Amino acid sequence: MKKKKILLTGGGTAGHVTPNLALLPYLKAEGYEIVYVGSHNGIERSLIEAEGIPYYGISTGKLRRYLSKENIKDMFRVAKGIGEAKKLIRKLQPDLVFSKGGFVAVPVVLGAKKNKVPVIIHESDITPGLANKLAMPSAQVICSTFPETLQYVPKGKGVHTGTPIRKELFEGDRQKGLEACGFTGEKPVLLMLGGSLGAVKLNQCLREILPELVQTFDVIHLCGKGNLDARFRTQEGYRQFEYVSEGLNDLFAAADLIVSRAGSNSICEFLALKKPHLLIPLGTKASRGDQILNAASFEKQGFAKVLNEEEMTAETMKAEIFDLYENRGRYVSAMEESNADGGVEAVMTQIKVFMK
C-alpha cells in the first residue's frame, strides 16, 4: 500500500520552522512520507536537512507592506517560485500541504491549489501576517495559536489548535543546564532571550543592571549572533551565548524565570513549560505590532508580565524582573489552569482528516 505523503513548508525565520519540527516525530509515527519545500538558502534549509527530511528549494521574494524598489524584483521571484512549486508538487504528488507561513509558503500554497492538493495553514499570531493573508483563500483549514485569531479568518475555515511544541523541550535536565553554565543551583536562574537574531536594546539594558541582578540570580543570556560582549566573559553568575540549539531544553529546565520578546512560538513554549515570564514585545516601529497583541493576550490571561519597549529602561526592566520573581507563584498558578498541551494533538487531528 502506498504511503501517504505530506509536504511541509514555511520559512524565513525560526518561528516559521520550529512548529513543523515539532510535528515531525508524530508524522513519522503515523507512517507518513514527509518532504519539505522552502527557499534555497533560508534558515529552514539547515534545520530541516539536519532532521534527514528530503528538502527542495524554490525561488521566493520577501513580501513587504511598504513601497520599495525591491518589491518589483520580488514580484518576479514570487511568480517564478509559483511556477517552480506547481511543477514540484505535480512531481511529488503529496496528499496534503501543511504550511507554517512566511514568504516562502505563498508560492507553495498557490502551487498546491493549482494541483488541487488540499492545504492546511497554521497562523501563530493573533492577526494573520501578510503571507498567510495571501494564502488563506487557497486553504481548506486554518489552524490558530490564539482563539482571538478566528475572527480574522474566513468563516468555517478556522480551528483553534494552539501551536505545536517540540517534544524534546519537555525533556530538559536542570542539572545539565546548570553545569553547562557553571552554576551551582544555589541561586534562582534568570534566562534572557532576545530572539534568534538578538535584540540590541534588551541586551544593553540587561548588561547595565547585571551587577545588581547577579546578587540575586544566576543569569543565562542568549544575546544573538555577533552580540557577545568580552567585558562580561568572566562575570561571575553570568553566562552569555550567541545562540543555543542542542541543550536549549536543559537551559529552559534550569530557568526559574524568563525575559523575552513576545514571538508567539516562544511564549507558547513558556506557557507549556509553566515558566514565569516578562515579555517585552517588539514595538510598531520595528514590526506590524503582532508581538504587542500576543503579549496583551497573555497578560490578560494572567500568564505573563508585560513591559512595552517604549517604557523600557534599565531601571524599569530591573523593577519588572524583581516584581515577576516576587509574584512568580501567581503566574505559575494561572498557567497551570490553562491546560496548555502544546497543540500537537489538535493539529494532528486536522491533518489526519486529509490523510485517510
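In this predicted model, six strands form an open sheet whose order is S10-S9-S8-S11-S12-S13, and the pairing within it is parallel. Its edges are strand S10, covering 238–241, and strand S13, covering 304–306, each of which pairs on one side only. Averaged over the sheet and with direction ignored, neighbouring strands are turned by 15° against each other.

Within this arrangement, strand S11 (residues 257–260) and strand S12 (residues 277–279) can be followed in detail, since they pair in the parallel sense over three bridges, and Ser260 stands opposite Leu279 in S12. Helix H11, made up of residues 290–300, packs on the sheet, where it touches S12 and S13, and the direction of this helix makes about 130° with that of S13.

From the sheet one may turn to the nonpolar interior. In soluble globular proteins, nonpolar side chains tend to be buried together. The largest nonpolar core in this model has 60 residues, and Met317 and Ile321 are those with the most contacts inside it. Helix H10, which spans residues 264–273, gives the most to this core, contributing six residues.

The surroundings of Ile321 show how this core is joined across the sequence: leaving aside residues up to four places away in sequence, Ile321 touches Leu190, Ile209, Leu213, Phe217, Leu257, Val259 and Leu278. Of these partners, Leu257 and Val259 fall in the range of strand S11, while Leu278 falls in that of strand S12. Apart from the largest core lies another one, of 23 residues, and among its members are Val17, Leu27, Tyr32 and Cys143.

Note on methods:
Residues numbered from 1 in each chain as written. Predicted model: local features only at pLDDT ≥ 70, side-chain atom pairs only at ≥ 80, totals over all residues. Heavy atoms only, no water. Core = buried A, V, L, I, M, F, W, Y, C linked by side-chain atoms within 4.5 Å. Buried < 20%, exposed > 50% of the residue type's maximum accessible area, 1.4 Å probe, protein only. Helix = DSSP H or I, 4+ residues; strand = E, 2+ residues; numbered from the N terminus. Contact = heavy atoms within 4.5 Å. Pairing = 2+ DSSP bridges. Axes fitted to C-alpha atoms, helices over the stretch in contact; angles between N-to-C directions.
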